[in-house]
Amino acid sequence: MVAEIVEAVTPVREKLDACLVFPSMPAVMKLNKLGTFSMAQLGQSKSMFSDFIKSARKNNDNFEEGLLKLVRTLPKVLKYLPSDKAQDARNFVNSLQYWLGGNSENLENLLLNVCSEYVPALKGVDFSVSEPQQYPDVGIWHPLAPAMYEDLKEYLNWYDTRKDMVFEKNAPIIGLVLQRSHLVTGDEGHYSGVVAELESRGAKVLPVFAGGLDFSAPVKKFFYDPLGSGRPYVDTTISLTGFALVGGPARQDAPKAIEALKQLNVPYMVSLPLVFQTTEEWLDSDLGVHPVQVALQVALPELDGAIEPIVFAGRDSNTGKSHSLPDRISSLCARAVNWARLRKKKNSEKKLAVTVFSFPPDKGNVGTAAYLNVFGSIFKVLKNLQREGYDVGALPPNETDLIQSILTQKEARFNSADLNIAYKMKVDEYQRLCDYSEALEENWGKPPGTLNTNGQELLVYGKQYGNVFIGVQPTFGYEGDPMRLLFSRSASPHHGFAAYYTFLEKVFKADAVLHFGTHGSLEFMPGKQVGMSGVCYPDSLIGTIPNIYYYAANNPSEATIAKRRSYANTISYLTPPAENAGLYKGLKELKELIASYQGMRESGRAEQICATIIETARQCNLDKDVKLPDAEDKTLSMNDRDDVVGNVYRKLMEIESRLLPCGLHIVGIPPTAEEAIATLVNIGELDRPDNNPPIKGMPGILARAIGRDIEEIYKNNNKGVLADVDLLQRLTQACRVTVREFVKDRTGLDGRIGTNIVAAMLKFTGFYVDPWVRGLQNGEFEKADRQELITVFNYLEFCLTQIVKDNELGALVEALDGQYVEPGPGGDPIRNPSVLPTGKNIHALDPQSIPTAAALKSARVVVERLLDRERDNNGGKYPETIALVLWGTDNIKTYGESLAQVMMMVGVKPVPDALGRVNKLEVMSLAELGRPRVDVVVNCSGVFRDLFVNQMLLLDRAIKMAAEQDEPDEMNFVRKHAKQQAAELGLQSIRDAATRVFSNSSGSYSSNVNLAVENSSWSDEAQLQEMYLKRKSFAFNSDRPGAGGEMQRDVFETAMKTVDVTFQNLDSSEISLTDVSHYFDSDPTKLVASLRNDGRSPNAYIADTTTANAQVRTLGETVRLDARTKLLNPKWYEGMLGSGYEGVREIQKRLTNTMGWSATSGMVDNWVYDEANSTFIEDPAMAERLMATNPNSFRKLVATFLEANGRGYWDAKPEQLERLRQLYMDVEDKIEGVE
């Protein structure tokens, strides 16, 4: 916009009698001129204006603050200027003051003053111009007050003597933050509405304002005890500006805001007035708030720790003025007052509803959460709350008894047989208490319905301990109904779901709800994406209860959905400590054989050892991953043997070094020093050029010590060059040894980080040797650069303290005390250690900041490796179209790497503007690209759509730009296909035919393929594919940015017919293909084969950027790697079983997700099912252990094996099936209580 204004005004500026442009960016401010006064000239000379322009150039964010300062200071210095110049400069300052005054009188006087002085035809006409009316820069305002106040005591003198209101002595006090411009222009009706509603609820109100964009100034000045105790005077703060606390919509100063808010230490809510839409447009929109406003007024305040982005004001379509939205203001104020009451109430009187999840709906799944030992954590939380004075009643002595108390009810009947019934709600009570019950009848009929009911009453499951209720959130409700899954864009919650939240708010009367772990269904219920109305279900369900939500630190995208749609104050918890997967059984034996071969490769025994390696590799099913010759082949040369052994060794090291989370996390228990080692090794692996000081990764430092380049070693390792595979293994071992020595020096007697007595004594006596010296001395890497190592280990020192320090329990107590929970980024702690320590209010990132330059660089490497891999597999031909998935969390963790991959495929570069916002594009020439433009079909997850809709539109623009390049078809597959599709579908333009960015409809998530697989509620693969097509074919069009997703199934199907390659990314060691169901839910491999005219199945690839050596593997290779490192790995499953009940469920979940991949891609080998069956079913001791620990999850495990066989995914032997059927009957008897 700035460029357009400069372009329009500059040519005519000299002809204008007067030119006033403010307040705006420096480039535009320079256009100002009045008589002899010219801002452009002043910018060149030494003057106050010049200093202002220069500082404004440097700091666009504080531009308005500078402007106000200039206006206040200038009159004092104008008297030193020559009289004619002084008069023109004075007129400019007056004009600014009129403008900043903003009301109609000031604006009228601005025009009259400029006209009388500078328009020749009006010179000398007396317009009786008044001096500018001035208002305080910061102050206190109230709609009934006689004036604005600049002193808190004066305001309170007026407020406390009001005759129209009487407040209780201990009334909550709500601080409001307002924009001065609305007050001085008389556009403050929406502010008055909030003040009136709060006061009607018995709260005192302290509304403060600022003229610029640093709202921390009035917060610091007015929100503290006027008697000077330093305590906060307010109990909750609501910003009604919609802006970040410090800085405008361009970019905010989050550290300054956080410092001010931490000091104030009360809940901080940012509510928003509609800016880019009228009220009617917002009400009609599935998206809710316009994407641009979400980026500026929701995402940026979240970086400050803001919660609850409720739309409180609409915009009139005729006048453009703001007006109150009474039902939204009512909700906002009720919630603010309830947060404030947490500060007033004694802990012993507070009621807390702890909500756990059960997904898929089955007794064995109660207490589901990613990476979390839920009941162990709840037990720990309750013990801590007991110490804080909360009434937790007669708590069971341990977590096992706690589980039993919630899962078992002797008298229960119907579908409640598994769970303790806490409350039976009569239908008339439900209809009386639940305002929106009638709206649910369209989907679910009259209450009580068929879910969470005994036929007459609605049942609430859970157990109460004192003032704490532990409840089980009902499920979505349509998991077992394939027809509803297929046809509902998204159904409403069922009566049982509504009854649960009605019980919490109106019967149990919870002061707060704690949702326990990642994640439940509340935040994914139908409604607008952001800025919900009163008829959106998440808003209706949560009602007025403050919502605190434990969320995994590595999942900022879904945490952000919970913040925006269920008004959650999220608290991050750590994922379990990572360990290297290691080797076991035949894989361990293979490594020993390879060591023997290396020692004897030139001796006569080498041939025999190589034959044994080939045979053992076959027995370990590595023949799908490595090309193995016949073991009896006598014609192999030494180089051939080295080649075979090198590739087997590479695959073994890939398995051994893969990081996997071991066990499940318990809230409030940080890892031991030993448990932190593998994570630290991986943190130390990465180059961090943007760090201050820049850090070089350890493998690269050690490689340079022997005169090698780490990238060359990686490249040779990936090709299976035996010498470099072995060298990379030695480098890795050296890194591990050095980090272990480093951690040992910091480990106390209890195994946690603390003072190591031996290290302390050695330091005291002067005999201490640095760990990186000890770890490398007398070895091949001992000449490594000391300074580079010191820099790495200083960084690892910081990371180690962050890993073992946590505030998970503390943050919960703070939130329940009505305090401010400090914000922090979510993401992968290896890529971004600032995610640590946990116990922070998780936020994502500024959506306009991605993809970054570093992400673009990484994306280019992955795209080239993907294309090379496909050309190797496809006779040197480039793929014409790649179908890929964009995930919200992955793009937050990698700062937009997969977003950048799409742009690299089509040959378009993202370009940031002066403020670092990525909103421009540049087409790369074919010469620069060095290959054809590859077409894409982009499917965005529902979460990505919610967080990054602007970047989706940017992608759409990029693809359409590629399609519009006048290039030959064989060099531009985007254009080639767009032309074909325009002709086939009768579309008007190539732009419309080049639609390639798809997702769910607004407010809807996933293809539901995962739900069908998890609940075994599907008949055949065609049904799964139909679900995908119905739910994922909503197109996002940059030519209609506010429209959201529009159903364009025909365009989606035609584009999918051209797909040669399907592709997804893995970027974090904690989450792989079978850990969650999302990956197979979005996999279109078999779908593409069903749509292609030739019926050919596309090649499927997975990029793995979890280490410094990024890999592109086939989907089959990745599924096998996943099975070997997790499901079949004793280290992993024993780690899980250490968590008892929840551990069995984790094992069962991996098998179900493995079958999901069979259903969508057909890429799961028979041996994976065979080995899993051998591990968990054929071993009698293991089967008995699983059955005893969690019989319901074990039943599901057995049923999944039988289902995999029944659907043709596993060719099981008759005796295997017989044992499975017998076990199924045994576990049924156990569950039914039959001895």
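**From a cis peptide bond to helix and ring contacts**

H519 lies in the loop that runs between β16 (512-516) and α22, where helices are DSSP runs of H or I with at least four residues and strands are runs of E with at least two, numbered from the N terminus. The model is predicted, and for that reason local features are reported only at pLDDT of at least 70 and side-chain atom pairs only at 80 or more, while totals for chains, interfaces and linings use all residues. Residues are numbered from 1 along each chain as its sequence is written, and side-chain values use heavy atoms, with hydrogens and water left out.

The backbone at H519 deserves a careful look, since the peptide bond leading from T518 into H519 is cis, with an omega near -10 degrees. A cis peptide bond also joins L836 to P837, where omega is about -5 degrees, and P837 likewise sits in a loop, here between the strands β21 (823-825) and β22 (841-843).

Past the loop of H519 comes helix α22, which covers residues 537-542 and contains S540. What surrounds S540, once its neighbours within four places in sequence are set aside? The residues in contact with S540 (heavy atoms within 4.5 Å) are then Y436, G534 and V535. S540 has a relative accessible area of 16% and therefore counts as buried, a label given under 20%, with exposed used over 50% and partly exposed in between, for a 1.4 Å probe and protein chains only.

Two further loop residues stand out by their phi angles. N265, in the loop between α12 (254-264) and β8 (268-270), has a phi near 60 degrees, which is a positive value in a residue other than glycine. S1016, in the loop between α42 (1009-1014) and α43 (1021-1032), has a phi near 55 degrees and is again a residue other than glycine with a positive value. N265 is partly exposed, with a relative accessible area of 23%, and S1016 is also partly exposed, at 33%.

The packing of helices can be followed at α28 (residues 698-705) and α29 (residues 710-719), whose axes come within 8 Å and cross at roughly 100 degrees; these axes are lines fitted to C-alpha atoms over the stretch in contact, and the angles run from 0 to 180 degrees between N-to-C directions. The two helices α28 and α29 are therefore roughly perpendicular to each other, the word used for 65 to 115 degrees, with under 35 roughly parallel, over 145 roughly antiparallel and the rest oblique. At this crossing P699, G700 and A703 from α28 meet I710, I713 and Y714 from α29.

Aromatic rings offer another way through the fold, as 28 aromatic pairs are found in the whole structure; rings of Phe, Tyr and Trp (its six-membered ring) pair if their centres lie within 6.5 Å, with planes under 30 degrees apart called stacked, over 60 edge-to-face and the rest tilted. In the pair of F375 and Y1141 the ring centres are 6.3 Å apart and the planes stand at 70 degrees, so the arrangement is edge-to-face. This pair links distant parts of the chain, for F375 belongs to helix α16 (residues 374-387) and Y1141 to helix α49 (residues 1141-1160), 766 residues apart. F375 is buried, with a relative accessible area of 0%, and Y1141 is buried as well, at 10%. Elsewhere, ring pairs link Y149, Y155, W158, Y159 and F167 into a cluster.
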